[in-house]
Amino acid sequence: MSTTGATADPLAALGSLPGVPESVESVRKSVDRVYGHRIMRRRSNEITGEAALRGARGSAALSGADWALEEVRRRTDFSGDDDARVVGAALRLTAEAGQLLSIWRQSPLRVLARLHLVAAAGRADEIGRPRQEGEPVDEPLIELPAPSAAEVHGRLEGLSELIIAGSAAPALVTAAIVHGELLALRPFTSHNGLVARTAERIVLVGSGLDPKSVCPAEVGHAELGRAAYLAALDGYVSGTPDGMAAWIAHCARAAELGARESTAVCEALQRGAA
């Protein structure tokens, strides 16, 4: 993770990068539009449930298991093949995220370990902890060189300290940096993309930007496509101001698209109730 200069609050510094304030404001307006919808006042639990399902589907798609939404909805067994296990992991993570909100600000590394444990259910002793020197990383859709275990440890500690200390940065910026850092580090032997996107969700919900978890950024990331996702990640990994701003803007657009998805769900429910 790189910042634009020495400051007591490096995440806040990222929030002032060119174009980022505008992205932040655009996301706020999109989220407000969902929360202001009349259906949200009466059926918010349904919107939350649908957003969770669609978010899990989107996250799984970015990890290579691009199932139709109705297929995810109807299936009950997610153990049959690799794609099914990816979808199952995404669904479990989405369900688990809401249980970890109160722990995140006090112990983010504990939350990340728990997320990996949930995602990689049934695997060997490498689950639920950062990888050790010499352990391979199974993340075939991200071709960037994986940092060493020593670098992973140091940067995870730094990320944890930033989260625990708190920041004046907008929630969107913090969520984007958590997401980008976990993708760049790939701290676990597997399921890093799924864990990174779930951590982004935890920040957006826990910050109060999306307290009912009805604006699934994972939907937007999937809609923008894997190529755009990886290109934006390259910008993050570069550590340059332009690259960081591009990654944050990409995450902002994904959040907007997630909000738009839930607005469409609200509209559909309203038409059905009319």
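Here are three short exercises on the structure above, each with a worked solution.

The model is predicted, so local features need pLDDT of at least 70, side-chain atom pairs count only at pLDDT 80 or more, and totals for chains, interfaces and linings use all residues. Residues are numbered from 1 along each chain as its sequence is written, and side-chain values use heavy atoms, with hydrogens and water left out.

**Exercise 1. The whole chain**

Work out how many helices and strands the chain has, and how its radius of gyration relates to the globule rule.

Step 1. Count the elements: the chain has 13 helices and zero strands. Helices (H or I, at least four residues) and strands (E, at least two) are DSSP runs, numbered from the N terminus.

Step 2. Turn to the radius of gyration, which is 18 Å, close to the 19 Å that the globule rule gives for 274 residues, so the chain is as compact as a globular protein of that length. This radius is taken over C-alpha atoms, and the rule is 2.2 Å times the number of residues to the power 0.38.

Step 3. Add the contacts (heavy atoms within 4.5 Å). Of those with a separation of 6 or more, 72% join residues 24 or more positions apart.

**Exercise 2. The loop between H9 and H10**

Find which residues of this loop have a positive phi, and decide whether Thr189 is buried or exposed.

Step 1. Recall the background: most residues other than glycine have a negative phi.

Step 2. Look at Arg186, in the loop between helix H9 (171-185) and helix H10 (192-206). Its phi is positive, near 45°. His191 lies in this loop too, with a positive phi near 60°.

Step 3. Check burial (buried means under 20% relative accessible area, exposed over 50%, partly exposed in between, with a 1.4 Å probe and protein chains only). Arg186 is buried at 2%, and His191 counts as buried at 15%.

Step 4. Finish with Thr189, which is also in the loop and is buried at 8%. Leaving out residues up to four places away in sequence, Thr189 touches residues including His116, Glu126, Arg131 and Asp138.

**Exercise 3. The second largest pocket**

Identify which helices each supply at least two residues of the lining of the second largest pocket.

Step 1. Inspect the lining, made up of 17 residues; Trp104, Arg105, Thr174, Val203 and Ser207 lie nearest the pocket's centre.

Step 2. Assign the helices: helix H6 (101-104), helix H8 (149-165), H9 and H10 each give at least two lining residues.

Conventions. 1 Å grid on protein atoms, 1.4 Å probe; cavity = no way out; pocket = protein on both sides within 12 Å on 5 of 7 lines; lining within 4 Å.
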